[in-house]
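Please open the model in your viewer and show the side chains as sticks. Here is a short tour, one selection at a time.

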Amino acid sequence: MNESLKAKVIKQLGLEDSLRDVREHGADAGFSGFTYYSETCKFALDNLKDIRNEIRLEADALGYSSAAEMVAG
């Protein structure tokens, strides 16, 4: 994940320790900043360019011919 998007996720969560909690316990525990649809929608729209870039990089790393092919699969 690029550092800019990573920093934005950390900021959205509000606390750096929240990332460790998500990793260890899962996101379904209700972590601040990504709990409600309105929060995740706003974050996605505000960061759409970076998110799309991450999807493209991941698709390329996994050997897909396009991001659309990876997402569809």
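Which kind of contact joins the side chains of Asp50 and Lys8? Select the pair and you will find a salt bridge, with 3.2 Å from N to O. Keep in mind as you look that this is a predicted model.

Now colour the helices that hold these two residues. Asp50 sits in helix H4 (residues 48-61) and Lys8 in helix H1 (residues 3-13), so their salt bridge ties together parts that are 42 residues apart in sequence. Switch on a surface and compare the partners: Asp50 is buried at 16% relative accessibility, while Lys8 is partly exposed, at 32%.

Next, hide everything but H1 and H4. Their axes lie 10 Å apart and the helices pack at an angle of about 125°, which means that H1 and H4 are oblique to each other. The crossing of H1 past H4 is left-handed. To see what makes the contact, select Ser4, Leu5 and Lys8 on H1, then Asp50, Ile51 and Glu54 on H4. Sorted by class, this contact of H1 with H4 has three charged residues, two nonpolar and one polar.

For the last stop, bring back helix H3 (residues 37-46) and pick Lys42 and Asp46. How far apart are their side chains, N to O? They meet in a salt bridge at 2.6 Å. Both residues belong to H3 and are four residues apart, so about one helical turn separates them. Lys42 is exposed, with 52% relative accessibility.

That completes the set, as the structure holds two salt bridges.

How values were computed:
Residues are numbered from 1 along each chain as its sequence is written. This is a predicted model: local features need pLDDT of at least 70, side-chain atom pairs count only at pLDDT 80 or more; totals for chains, interfaces and linings use all residues. Side-chain values use heavy atoms; hydrogens and water are left out. A salt bridge is a side-chain nitrogen of Lys or Arg within 4 Å of a carboxyl oxygen of Asp or Glu. Buried means under 20% relative accessible area, exposed over 50%, partly exposed in between (1.4 Å probe, protein chains only). Axes are lines fitted to C-alpha atoms, for helices over the stretch in contact, and angles run from 0 to 180 degrees between N-to-C directions. Angles under 35 degrees count as roughly parallel, over 145 as roughly antiparallel, 65 to 115 as roughly perpendicular and the rest as oblique. A crossing is left-handed if the near helix is turned anticlockwise from the far one by less than a right angle, and right-handed if clockwise. Contact means heavy atoms within 4.5 Å. Ala, Val, Leu, Ile, Met, Phe, Trp, Tyr, Cys and Pro count as nonpolar, Asp, Glu, Lys and Arg as charged, and the others, Gly among them, as polar.
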